[in-house]
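Subject: Handing over the two-chain model

Hi there,

Here is the structure I promised to pass on to you. Please open it alongside this email, and take your time with it.

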There are 2 protein chains.
Amino acid sequence: MSKVPEGDWIVGVDIGGTNLNVGVVSFEGGLPLAVRRERTEVIRGAKFIVDRVIRMIKDSMREVMDENGVGREAFAGVGIGSPGPLDRKTGTVINTPNLGWRNFPLRDLVQNAIGLPATLDNDANAATYGEWWMGAGRGVDTLVGVTLGTGIGGGIVLNGELYHGANDVAAEIGHMTIDSTGRKCNCGNYGCLEAYASGQAIAARAIEDLDSGVGSILPELAGDVQNITAETVFEAVVQGDPYATEVMHDTAKFLGVGLANVINILNPEVLVISGGVTRAGDHLFVPLRAEIRRRAFQVAEQACRIVPSDLKGMAGIIGAVACFKREQCGRV
Amino acid sequence: MSKVPEGDWIVGVDIGGTNLNVGVVSFEGGLPLAVRRERTEVIRGAKFIVDRVIRMIKDSMREVMDENGVGREAFAGVGIGSPGPLDRKTGTVINTPNLGWRNFPLRDLVQNAIGLPATLDNDANAATYGEWWMGAGRGVDTLVGVTLGTGIGGGIVLNGELYHGANDVAAEIGHMTIDSTGRKCNCGNYGCLEAYASGQAIAARAIEDLDSGVGSILPELAGDVQNITAETVFEAVVQGDPYATEVMHDTAKFLGVGLANVINILNPEVLVISGGVTRAGDHLFVPLRAEIRRRAFQVAEQACRIVPSDLKGMAGIIGAVACFKREQCGRV
């Protein structure tokens with residue numbers, strides 16, 4: 001793949017509800033260099049988060065310049081992945097309940113602060129494009145990505161292009177209703193997949209159950225019941241805790257319902273699952289695949305590889321870079 | 001649009017669980033001529049249905065030849081829309097519980113009997129492509145079609161092309177789980193949209209309720225409670241029957257759950273709904289739109305026109321012709 005005159009390096013930014021990740025990827029692709037990871041600290045407000053991201057970008061660029069003996073002209077720009085819904089054309093985040101952004105001109109704030117062109121896409125779209133470019137779905141025609149984090153995001157790649165829909169809101173897999181009279185979701189709707197299988201939902205369920213006296217190593221691992229997070233649950237699963245294993249099993253079943261729907265609607269070649277929950281390995285994938293087999297059309301289920309991400313948490317950064325390349329250079 | 005050398009007319013075949021529809025469409029498009037409509041009579045078996053379809057095709061072609069003073073050379077071929085899952089490349093229906101077909105070489109049976117090239121696509125895909133070519137979604141980039149008949153089918157048009165997925169099973173909207181512990185569906189799964197909002201589901205619910213003593217004009221309209229069909233329910237809604245109106249309202253809500261999921265995943269410009277249920281008009285569309293508004297992302301919901309088919313039940317025939325054109329001539 002040839003280089004563009006604009007530069008040899010592209011910065012990737014992956015904004016999540018819990019963590020901010022920034023790194024630099026070479027134009028030809030590969031794992032990110034000079035990676036920075038900090039807490040999002042949503043509670044400190046919108047401006048705080050943007051300032052932190054801008055500082056992280058500058059740090060990361062500085063490291064690459066120092067290490068490689070290059071100047072600013074070696075950088076083509078910044079690709080940003082952010083929770084949505086958002087408007088790619090204006091670079092504006094429309095509304096993110098988790099981050100407190102509303103009609104927020106994220107792209108231009110970064111662009112002006114860094115002095116390089118920037119692009120904005122949905123965080124889960126970006127991660128999915130990263131899997132297609134460099135990861136578990138490399139080069140396939142039809143790929144769906146599911147990111148299991150604080151919330152549940154999705155991305156769709158069709159014929160090597162991210163599918164955005166009529167106005168950039170496509171692939172909101174987390175807000176698919178799987179139980180029309182079910183649990184209330186943060187989005188206001190009832191019975192969303194995210195209300196059952198997200199990190200937040202897993203932690204909330206464990207805290208509720210343990211408060212009512214279920215036995216588990218979770219309180220010990222977390223220090224206190226109220227400190228339990230999805231990560232604690234994954235850790236307890238790995239250590240063989242029966243209660244945590246049951247939570248994981250139920251989570252996998254709920255996820256299986258949602259992903260069977262995705263398979264019945266999109267009939268993808270590959271479904272890549274990323275996020276901390278994949279650490280649970282077979283504890284997740286065995287019941288997940290069983291539930292999908294039960295619910296999806298057999299021919300569609302058999303055609304679909306269901307795999308964990310192999311980009312070590314870097315899909316968001318790599319994908320944000322891929323989105324930048326696609327938008328600014330017309331190809332990835 | 002110019003003509004292809006192969007012929008001026010194309011036969012469209014729309015095979016449903018209840019009715020068989022055949023008609024002839026001119027290469028340039030338009031409403032079908034020489035339309036034949038007969039009952040499917042599933043109970044009489046696979047061979048009976050195919051023989052009936054072949055006879056209907058011959059009848060329909062004969063009428064066009066007589067009326068227009070043309071010969072067989074005026075026909076380019078036959079486009080077939082059939083329930084699936086199916087394999088377009090081999091022209092084989094893989095498995096249709098409703099019709100009793102299993103690895104059934106439908107396309108070649110028709111092709112050999114008629115002596116013209118034939119193509120095979122999913123019935124709901126075909127109907128959706130018909131809406132895109134000549135109907136309520138004419139020329140838009142992103143269109144989802146939903147056919148409410150004996151079952152519930154779906155089709156997806158992206159950038160003017162039918163989206164088929166990895167192996168032709170995409171858009172099975174009817175078998176989306178909306179209540180993971182809900183009603184058993186014909187497909188074996190629990191809580192599918194089709195188990196709540198299909199014609200079969202509507203009729204089954206009415207019969208159950210009336211057996212347990214609910215008051216309604218339905219038994220009178222149908223002659224007997226056991227004869228009630230979805231059509232009877234729509235008729236009773238039009239006549240202002242409160243019970244039938246309640247059934248329609250609930251059906252619209254279930255459908256709203258499923259279509260909100262579709263909107264959150266695909267973010268289409270247009271969603272076309274076809275089938276007898278659209279006769280209920282505002283009794284369907286008002287509660288349906290309200291439920292979608294409650295559940296879908298606001299930006300996605302606002303971007304999507306939700307409209308009834310305007311092809312008068314002919315979308316399946318027209319779309320089967322469009323599929324034939326696309327496959328045999330490379331364009332529609």
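Below is what was found in it, going from the whole chain down to single residues.

**Before you start**

This is a predicted model, in which local features need pLDDT of at least 70 and side-chain atom pairs count only at pLDDT 80 or more, while totals for chains, interfaces and linings use all residues. Residues are numbered from 1 along each chain as its sequence is written, and chains are lettered from A and ligands numbered from 1 in the order in which they are written.

**Chain A as a whole**

Chain A has 11 helices and 13 strands; these are DSSP runs numbered from the N terminus, with helices (H or I) of at least four residues and strands (E) of at least two. Its C-alpha atoms fill a box of roughly 60 × 45 × 35 Å along the principal axes. The radius of gyration of chain A is 20 Å, which agrees with the value near 20 Å for a compact globule of 332 residues. That radius is taken over C-alpha atoms, and the globule rule is 2.2 Å times the number of residues to the power 0.38.

Of the 332 residues in chain A, 55% count as buried. With C-beta atoms placed from the backbone, a residue is buried if 20 or more other C-beta atoms lie within 10 Å of its own, exposed if 12 or fewer, and partly exposed in between. Two residues are in contact if their C-beta atoms, placed from the backbone, lie within 7 Å. Among contacts in chain A between residues at least 6 apart in sequence, 65% join residues at least 24 apart.

**Two domains**

The domain assignment gives chain A a domain 1 (9–130 + 314–329) and a domain 2 (140–308); such bounds come from an automatic or database domain assignment. Taken over C-alpha atoms, the centres of the two domains of chain A are 25 Å apart. Where they meet, 17 residues of domain 1 of chain A are in contact with 17 residues of domain 2 of chain A. On the domain 1 side, strand E5 (86–87) and helix H3 (123–134) of chain A each supply at least two residues, and H3(A) gives the largest share, with six residues. That side divides into seven nonpolar, seven polar and three charged residues. Here Ala, Val, Leu, Ile, Met, Phe, Trp, Tyr, Cys and Pro count as nonpolar, Asp, Glu, Lys and Arg as charged, and the others, Gly among them, as polar.

**The two chains together**

The contact between the chains takes 33 residues from chain A and 33 residues from chain B. On the side of chain A that touches chain B, helix H8 (242–266) and helix H10 (298–303) of chain A give two or more residues each. The largest share there, six residues, comes from H8(A). This side holds 19 nonpolar, 10 polar and four charged residues.

A turn of 180° and a shift of 0.0 Å along the axis lay chain A on chain B with an RMSD of 0.0 Å; the copies are superposed by least squares on the C-alpha atoms of residues with pLDDT of at least 70 in both. That is the relation of a two-fold axis. The same surface serves both copies, as 100% of the contact residues of chain A recur in chain B.

**The core**

The largest nonpolar core has 220 residues, and those with the most contacts inside it are A:Val233, A:Ile318, B:Val233 and B:Ile318. Such a core is a set of buried Ala, Val, Leu, Ile, Met, Phe, Trp, Tyr and Cys residues joined through C-beta atoms within 7 Å. Leaving out residues up to four places away in sequence, A:Val233 touches seven residues listed by name here: A:Ile202, A:Ala206, A:Leu218, A:Ile228, A:Ala244, A:Val247 and A:Met248.

**Backbone details to look at**

Most residues other than glycine have a negative phi, and most peptide bonds are trans. The bond from A:Gly84 to A:Pro85 is cis, with omega near 5°, and A:Pro85 lies in the loop between strand E4 (75–82) and E5 of chain A. A:Glu41, with a positive phi near 45°, is in the loop between strand E3 (33–39) and helix H1 (46–68) of chain A. A:Glu41 counts as partly exposed, with 13 C-beta neighbours inside 10 Å. A:Asn103 has a positive phi of about 45° as well, but sits in strand E7 (residues 101–104) of chain A and counts as exposed, with 11 such neighbours.

Enjoy exploring!
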